[in-house]
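Student: I have a structure open and want to go through it in pieces. Can we start with the pocket and then move to the metal?

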Amino acid sequence: MHRDAFSHVTTWVFDLDHTLYPPEARLFALIETRMTTWVMQTLGVDRPEADHLRRHYWAHYGTTLAGLMREHDVDPASYLAEVHDISMDSLTPDPLLAARIAALPGRRIIYTNGSAPYAERVIDARGLSGLFDAIYGVEHANFLPKPERAAFDTVFAADGLHGPSAAMFEDDPRNLLEPHAMGLRTVHVGPVRGEGAHIHFHTDNLSDFLSHLGA
Ligand SMILES: [Mg+2]
């Protein structure tokens, strides 16, 4: 039982995309389509080149936006509003997950590489509104994304989060490297096991995992 490994935790940090809703919702595919269109229009490139650039940015900078800002000095606010303007129709409420999150003792926050307004829409569609004490988006880290240490430093400082008193749930194993180094308990969420010494636990069912941790 992993309950003891979390008995010291007073702050629970959740990623958003593919952590608080399953990849099967295909929400990110809608965002990616809008990202590609935005890159095509803004940089004046065709679709294959835009897709290539997006893969390059994701691999080298963590997100498409981070690459665009480094290499092309784009306006992040208009980009974030544009790419996140998608339908939430594929999301369904998850009362079980809501109950399990509500049972966690202490402070509960979301930290996403998307924007906070987008996160609000997602958790509303998932029936998770009102369960979180704060929601942080990439705009709260000066548009620097996870997995960069400076991004975590900025958001965690803003929240008053103390690493050794916190746990983080996240589907991208890269985004657990720095949290692990900062003393957080790390839980990889996803269908494929995330490998690495920086991952304390893995689950492919967040509700199940949380059921062992709540009050
Ligand atoms: Mg994610």
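Student: How do the residues of the lining of the largest pocket divide into nonpolar, polar and charged?

Tutor: This is a predicted model. In it, the lining of the largest pocket has eight nonpolar, nine polar and eleven charged residues.

Student: What volume does the largest pocket have?

Tutor: About 610 Å³. There are 28 lining residues, and the closest to the centre of the pocket are Phe28, Trp58, Gly62, Thr63 and Asp172.

Student: Which helices supply at least two residues each of that lining?

Tutor: α1, α2, α3 and α4 each do.

Student: Take Thr63 then. Where is Thr63 found?

Tutor: Thr63 sits in the loop between α2 (47-61) and α3 (64-72).

Student: Does Thr63 count as buried or exposed, and why?

Tutor: Thr63 counts as buried because its relative accessibility is 13%, and the cut-off for buried is under 20%.

Student: Which residues is Thr63 in contact with, leaving aside neighbours within four places in sequence?

Tutor: Tyr57, Trp58, Asn113 and Pro145. Trp58 also appears among the residues closest to the centre of the largest pocket.

Student: And how far is the C-alpha of Thr63 from that of Ala215?

Tutor: The two C-alpha atoms are separated by 36 Å, and the residues are 152 apart along the chain.

Student: On to the metal. What are the protein donors of the magnesium ion?

Tutor: Asp15 and Asp171 each donate through OD, and Asp17 through O. These donors lie 2.0 to 2.2 Å from the magnesium ion. Along the chain, their spacing is D-x1-D-x153-D.

Student: Where are Asp17 and Asp171 in the chain?

Tutor: They link distant parts of the chain, 154 residues apart. Asp17 is in the loop between β1 (11-14) and α1 (27-43), while Asp171 is in the loop between β4 (166-170) and α8 (177-181).

Student: Which of the two, Asp17 or Asp171, is buried?

Tutor: Asp17 is buried, with a relative accessible area of 11%. Asp171 has 22% and is therefore partly exposed, since buried means under 20%.

Student: Last one, another aspartate. Where is Asp94 found?

Tutor: Asp94 is in the loop between α4 (76-83) and α5 (95-102).

Student: What does the side chain of Asp94 reach?

Tutor: The backbone nitrogen of Leu97, at 3.0 Å. Apart from neighbours within four places in sequence, Asp94 is in contact with Arg126, Leu128 and Ser207.

Terms used. Residues are numbered from 1 along each chain as its sequence is written. This is a predicted model: local features need pLDDT of at least 70, side-chain atom pairs count only at pLDDT 80 or more; totals for chains, interfaces and linings use all residues. Side-chain values use heavy atoms; hydrogens and water are left out. Helices (H or I, at least four residues) and strands (E, at least two) are DSSP runs, numbered from the N terminus. A polar contact is a pair of N or O atoms within 3.5 Å; within protein, one must be able to donate a hydrogen and the other to accept it, and residues adjacent in sequence count only if both atoms are side-chain atoms. Contact means heavy atoms within 4.5 Å. Buried means under 20% relative accessible area, exposed over 50%, partly exposed in between (1.4 Å probe, protein chains only). Donors are N, O and S atoms within 2.8 Å of the metal (3.2 Å for Na, K and Ca); water is not among the atoms, so sites may look incomplete. On a 1 Å grid over the protein atoms alone, a cavity is a set of points where a 1.4 Å probe fits but cannot get out, and a pocket is an open set with protein on both sides within 12 Å along at least five of seven lines; lining residues have an atom within 4 Å of a point. Grid points are joined across faces, edges and corners, and a volume is the space filled by probe spheres set on the points. Ala, Val, Leu, Ile, Met, Phe, Trp, Tyr, Cys and Pro count as nonpolar, Asp, Glu, Lys and Arg as charged, and the others, Gly among them, as polar.
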